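Please walk through this model with an eye to how its helices, loops and charged pairs are placed, and to how far each part can be trusted.

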Amino acid sequence: MIGRIYLDNAATTGTDTEVLNEMLPYFMESFGNPSSIYSFSRDNRIALERSRGQVARAINAEPAEIYFTGGGTESDNWALKGAAFARRGSRGHIITTMIEHHAILHSAEFLAGMGYDVTYLPVDEEGRIDLKELEGAFREDTFLVSVMFANNEIGTIQPVSEIGRLCKKRNVLFHTDAVQAVGHIPIDVKAMHIDMLSLSAHKFHGPKGVGALFIRRGVKIENFIHGGGQEKGRRASTENVPGIVGLGKALEISIQRIGTESARQSMLRDRLIKGILETIPYARLNGPGEDGRLPNNVNFSFIGVEGETLILDLDEAGISASTGSACSSGSLDPSHVLLAIGLDHAHSHGSLRMTLGTCTSENDIDYVLDTLPAIISRRREMSPLWEDFLRNEKKVTI
Amino acid sequence: MYSDKVMDHFRNPRNVGEIVDPDGVGQVGNPKCGDIMKIYIKVENDIIRDIRFKTFGCASAIASSSMATEMVKGKPLREAWDLSNRAVAAALDGLPPVKMHCSLLAEEAIHQAINDYRERMGLEPWKEGPGHFAELEEHGH
Ligand code: FES
């Protein structure tokens, strides 16, 4: 074994040393509260605004349109509930998709419980929504469309610009959960007609517990966290200055290397996909082929194998990955994303997600390709489901 | 999250495989998460001489299958029948609460294999005790 191979970068990433060094002074030397008026706090205020500028530049927004939050989940909650509550009593209709992150799905369910109507758009077998279907879902009282930029499980990138255009035409707010996309693929909120966008620092080598919500100037959304006057009175709580500094720096670095990194990771991704298809029988790629897929996402189903066992076997071999198997989820339900793209229970059971990162090397990929086939075939050999599957396959081919 | 014993039985499951000419076979599915277990037994003088299993399921399901087969091998059928999933879980130094249902798979598959054998012998199949279903309820299916 050659050290640990971390292939769960969609779950979280480690903080960059350069980012950490940038953050450190704000824990001890410059610990002042940015709201205080003495000169000692000046540095902190400047640092906050520098970070706001870095985030704004990364997505082509204005600094005044960036609000720092406690992470992607808070940003998603704020966008949905804030837009809904801004309607002051009149309910209305929200359109989202079946494959959103739970931060969106559970917020939408919460609002549905309060009397708002929610439409969950289905997706095709690659995980993409149908624009015609979106057009057909608009109602007189639709006030918000929330569609994720790229999916965290299967890596599907949505036709965001087209969605933005449709929403603009109808004067409906467009929010996108871009937690998996920011820092990984280019985003331009102006060109893409995005009104609100959620992002999270720890998905691109920033610290955990800090994120941002982009709110286009003029968008009406209700405040979500009430308290002091921070973030122009829209998001109370003393600013997490070190975290915010880390967010800005991490994003700046990610944007600097976005071209080379996405090309490099796409190449490794395709090498991994091709290798698995060549060496493991009945491997099913979940999500799109090369086009329209996040550069770092690989997701397969291996019929006959259960995902949790796969993760533990890989862990023993020094590889960290994840699964959408029912057995590994606390609720014992299979991944809603895999079901939405039409997988049966047996296939969603045997799903394996590997998400690459800046530290992933060609050697890592080759090691996975050397290790995985034996793990799969050993577990398949002790699987009655695999036995049944093979028997049926033979019947079909005879 | 798993005990060392669970991990040991998961990594190196005992009694994996099939018996070519079995005296009894049991196959059960788990309604909770869709897992499957299949058990083969070879019986001599009312004693389980050999037992093999195949399991599609999580580490807890595989470890429970492995442990359960070890516990009933060489035992009289009645004793094997009385092995509860709780005893299997205890022998594995415990299972996480959400994973208790996985150990039921082994208990049920053994019951089925035994009754399959009894039917082949022209004997009346044994009935599940009342406690069994209480336990199913408890683990919330
Ligand atoms: S077999 Fe599915 S959770 Fe154990």
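In this predicted model, helix H6 of chain A is followed by A:Asn171, a residue whose phi is positive, near 65°. Most residues other than glycine have a negative phi. The helix that comes before A:Asn171 spans residues 160–170, and within it A:Val160, A:Ile163, A:Gly164, A:Leu166 and A:Cys167 are buried. Seen down the axis of H6(A), these buried residues fall within an arc of 165°, so they line one face of the helix. The other side of H6(A) carries A:Arg165, A:Lys168 and A:Lys169, which are exposed. As for what lies over the buried residues of H6(A), the cover includes helix H5 (131–137), strand S5 (142–146) and strand S6 (173–177) of chain A.

Two further residues of chain A can be read for their backbone angle. For A:His205, phi is near 65°, a positive value in a residue other than glycine, and the residue sits in the loop between strand S7 (196–200) and strand S8 (211–215) of chain A. With a relative accessible area of 10%, A:His205 is buried, since the cut-off for that class is under 20%. A:Lys232 also has a positive phi, near 55°, but its place is in helix H7 (residues 230–233) of chain A, and A:Lys232 is exposed, its relative accessible area being 57%.

The charged side chains come next, and over all chains the count of salt bridges comes to 37. In one of them the side chains of A:Arg52 and A:Glu49 meet, with 2.8 Å from N to O. A:Arg52 and A:Glu49 are separated by about one helical turn, because they stand three residues apart in helix H2 of chain A. The two partners are covered to differing extents: A:Arg52 is buried, with a relative accessible area of 9%, whereas A:Glu49 counts as partly exposed at 43% relative accessibility.

Another salt bridge joins the side chains of A:Glu74 and A:Arg235, at 2.5 Å from N to O. This pair links distant parts of the chain, with A:Glu74 in helix H3 of chain A and A:Arg235 in the loop between H7 and helix H8 (241–256) of chain A, 161 residues apart. Both A:Glu74 and A:Arg235 are buried.

A:Arg139 forms a salt bridge with A:Asp117, and the closest N and O atoms of this pair are 2.8 Å apart. Because A:Arg139 lies in the loop between H5 and S5 of chain A and A:Asp117 lies in strand S4 (residues 117–121) of chain A, the pair ties together parts that are 22 residues apart in sequence. A:Arg139 is partly exposed, with a relative accessible area of 36%, and A:Asp117 likewise counts as partly exposed, at 35% relative accessibility.

Which residues of chains A and B are linked in a network of salt bridges? The network consists of A:Glu387, A:Asp388 and A:Arg391 together with B:Glu18, B:Lys38 and B:Lys54.

Elsewhere on chain A there is a nonpolar surface patch of about 430 Å², made by A:Leu20, A:Leu24, A:Phe27 and A:Met28. Of these residues, A:Leu24 lies in the loop between helix H1 (17–23) and helix H2 (42–59) of chain A, and A:Leu24 is partly exposed, with a relative accessible area of 42%. A different loop, the one between helix H3 (72–85) and strand S3 (93–97) of chain A, holds A:Ser90, which counts as partly exposed at 38% relative accessibility. A:Ser90 and A:Asp141 are 51 residues apart in sequence, while their C-alpha atoms are 9.5 Å apart in space.

It remains to consider the confidence of the prediction. The model scores ipTM 0.89 and pTM 0.93. Chain B averages a pLDDT of 90, and 90% of its residues score at least 70. Over residues 133–141 of chain B, however, the pLDDT is below 50, and this stretch has 17 contacts in the model beyond near neighbours in sequence. Where pLDDT is low, the predicted coordinates should not be read in detail.

Technical notes. Residues are numbered from 1 along each chain as its sequence is written. Chains are lettered from A and ligands numbered from 1 in the order in which they are written. This is a predicted model: local features need pLDDT of at least 70, side-chain atom pairs count only at pLDDT 80 or more; totals for chains, interfaces and linings use all residues. Side-chain values use heavy atoms; hydrogens and water are left out. Buried means under 20% relative accessible area, exposed over 50%, partly exposed in between (1.4 Å probe, protein chains only). Helices (H or I, at least four residues) and strands (E, at least two) are DSSP runs, numbered from the N terminus. The arc is that of the directions from the helix axis to the C-beta atoms. Contact means heavy atoms within 4.5 Å. Patches are made of residues with over 30% relative accessible area and no salt bridge: like charges are joined within 9 Å, nonpolar side chains (Val, Leu, Ile, Met, Phe, Trp, Tyr) within 5 Å. Accessible areas come from the Shrake-Rupley method with a 1.4 Å probe; for residues, only the protein chains shown count as cover. A salt bridge is a side-chain nitrogen of Lys or Arg within 4 Å of a carboxyl oxygen of Asp or Glu. pLDDT is the predictor's confidence in each residue, from 0 to 100.
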